[in-house]
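Biologist: I have a model open and would like to learn how to read its features. Could we take them one by one?

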Amino acid sequence: KNTTCPSFFPRIISVRILVSSKMTSSTHLDDNSIYKDIHTIPGVEMKNGASLLTSVIKNFSLKPGSGMNSVQCPPSILKRMSVLEMYALLASPRSYLLQDWTKLSPEKRFLNVLRWFLEQQMYYPQKGLQEVKPYNPILGEEFKCSWDHQNSVSTCLCEQVKHHPPISSLYLENKKWGFYYQQTIQPLTTFWGTKTATTLEADNRFKIVELDEEYTSQDPQAIMRNLLFGTSILEHSDKMVVDCKKTGLYAVLQFPEKSNWSVNGFVFKRSEVEGEKATPLFKLEGSMRSTVDIINLKNQAKRAFAQYKDSPRHPEFEMQVKPVSEQAENESRRVWHDLTYHLVKRDLSAASDAKTVVEEHQRALRKQRPSDWKWKTHHKAKYFDNTGEIVGQGGTPKFEYKQRMTKDQRQDAEEEEMD
């Protein structure tokens, strides 16, 4: 089948669509070297971002207020990984999470989780358009990885539970230290003329199993501004809220636009007396591209709290992923291996071909479905259950991992460690 691509692709290509239950076979499955530094080394530098985006806007007839979830991005601005792998990278454990939580004060526990959520967000700020867009996962795509911490192991599993609109679910756990993190997330991107705004409708929950403490996080918006003139900037706006109902501690952080990536906010303790105002305990201020400081309001002591060098752009532990040749057909690196290979080799023309083959294959499979096919009744996620609850204002369904860690499993892990 001949497919004519929009003008912002390097050329018109001819692709062979494989109408079967399997993905397109890759010609480079034994080459895993391309994944060595993709989490830390920048991709292709953008030199004509403004003219490229003008073509995108024209081809898709984008107007201010238009949604962009269905816009097909050219390979030149793609991050060299699937959305699922990026979510797993953002959730990378840090050493301050790997300890006995029962020996920490409620304030220390809260600050550790808050720091982890904040340093996840430090992954985003950047100048330029290079690697701003990860691959859109196909329905049922999976990504599995782990981190070896010498004295413990963290594991993570991600699944694309819906494709239109795109919804992903993630589960991470460390049995020895008794915590898990689960997430359901739908990105909603809107075009506003000279900038785009991405709201992440997400259910983010970090749980300390032994203490039955759950921490929730509301993500800030991600803004890409100066799309057509000057240097493009990726920054945050709006606010981030981290909350622990059980301890009564919560944080509200503000991200002013056009403020050189600044952030400021407070950690509060709810009053046990109904109607009384919460008490501010700590103040946070700084830059998302360098250091965010924390000030203890009791004694005005100030110290570095979260740092860009500790963000997922600089992983503390190496992510372990099976070789591509050993992965199932629907695992992320296997699905997108040819695209990643050509992006790493900086062959954008071949990358465009590889991307189109996967996308056209999925369109062909959708055409084979029965006319009455509906996602809600015909597709069941493999690892996650739809709770029936709704997240945010966009109608995002909430999913939970089917085999979440229990207190008994946590105690079993402790006994195995003692043995």
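The dialogue below goes from the overall fold to a strand residue, a pair of cysteines and a pocket.

Modeller: Keep in mind that this is a predicted model.

Biologist: What does the secondary structure of the protein come to?

Modeller: The protein has eight helices and 23 strands.

Biologist: How many residues does the protein have, and what percentage of them count as buried?

Modeller: There are 419 residues, and 53% of them count as buried. The accessible surface of the protein is about 19,800 Å², with 48% of that area belonging to carbon and sulfur atoms.

Biologist: What do contacts say about sequence separation?

Modeller: Take the contacts between residues at least 6 apart in sequence; 61% of these join residues at least 24 apart. Y135 can serve as a case, and this residue lies in strand β6, which covers residues 133–135.

Biologist: Which residues does Y135 touch?

Modeller: Leaving out residues up to four places away in sequence, Y135 touches L78, K79, R80, M81, S82 and V83, and also W336, L339, T340 and L343. For Y135 and L339, the separation is 204 residues in sequence but 9.4 Å in space, taken from C-alpha to C-alpha.

Biologist: Is Y135 buried or exposed?

Modeller: Residues under 20% relative accessible area count as buried. Y135 has a relative accessible area of 2%, so Y135 is buried.

Biologist: Next, the cysteines. How many disulfides does the count come to?

Modeller: A disulfide needs two cysteine sulfur atoms within 2.5 Å. By that rule the count is zero.

Biologist: Why is C156 without a bond to C158?

Modeller: The closest cysteine sulfur to that of C156 is in C158, and the distance is 4.0 Å, so the two are too far apart for a bond. Seen from the other side, C158 is in no disulfide, and its nearest cysteine sulfur is that of C156.

Biologist: Are C156 and C158 buried or exposed?

Modeller: C156 counts as buried because its relative accessibility is 4%. C158 counts as buried too, because its relative accessibility is 1%.

Biologist: Last, pockets. What volume does the second largest pocket have?

Modeller: The volume of the second largest pocket is about 390 Å³. Its lining consists of 17 residues, and those closest to the pocket centre are Y35, K36, E318, M319 and R333.

Biologist: How many residues of each class are in that lining?

Modeller: The lining of the second largest pocket has eight nonpolar residues, five charged residues and four polar residues.

Methods
Residues are numbered from 1 along each chain as its sequence is written. This is a predicted model: local features need pLDDT of at least 70, side-chain atom pairs count only at pLDDT 80 or more; totals for chains, interfaces and linings use all residues. Side-chain values use heavy atoms; hydrogens and water are left out. On a 1 Å grid over the protein atoms alone, a cavity is a set of points where a 1.4 Å probe fits but cannot get out, and a pocket is an open set with protein on both sides within 12 Å along at least five of seven lines; lining residues have an atom within 4 Å of a point. Grid points are joined across faces, edges and corners, and a volume is the space filled by probe spheres set on the points. Ala, Val, Leu, Ile, Met, Phe, Trp, Tyr, Cys and Pro count as nonpolar, Asp, Glu, Lys and Arg as charged, and the others, Gly among them, as polar. Buried means under 20% relative accessible area, exposed over 50%, partly exposed in between (1.4 Å probe, protein chains only). Helices (H or I, at least four residues) and strands (E, at least two) are DSSP runs, numbered from the N terminus. Contact means heavy atoms within 4.5 Å. Accessible areas come from the Shrake-Rupley method with a 1.4 Å probe; for residues, only the protein chains shown count as cover.
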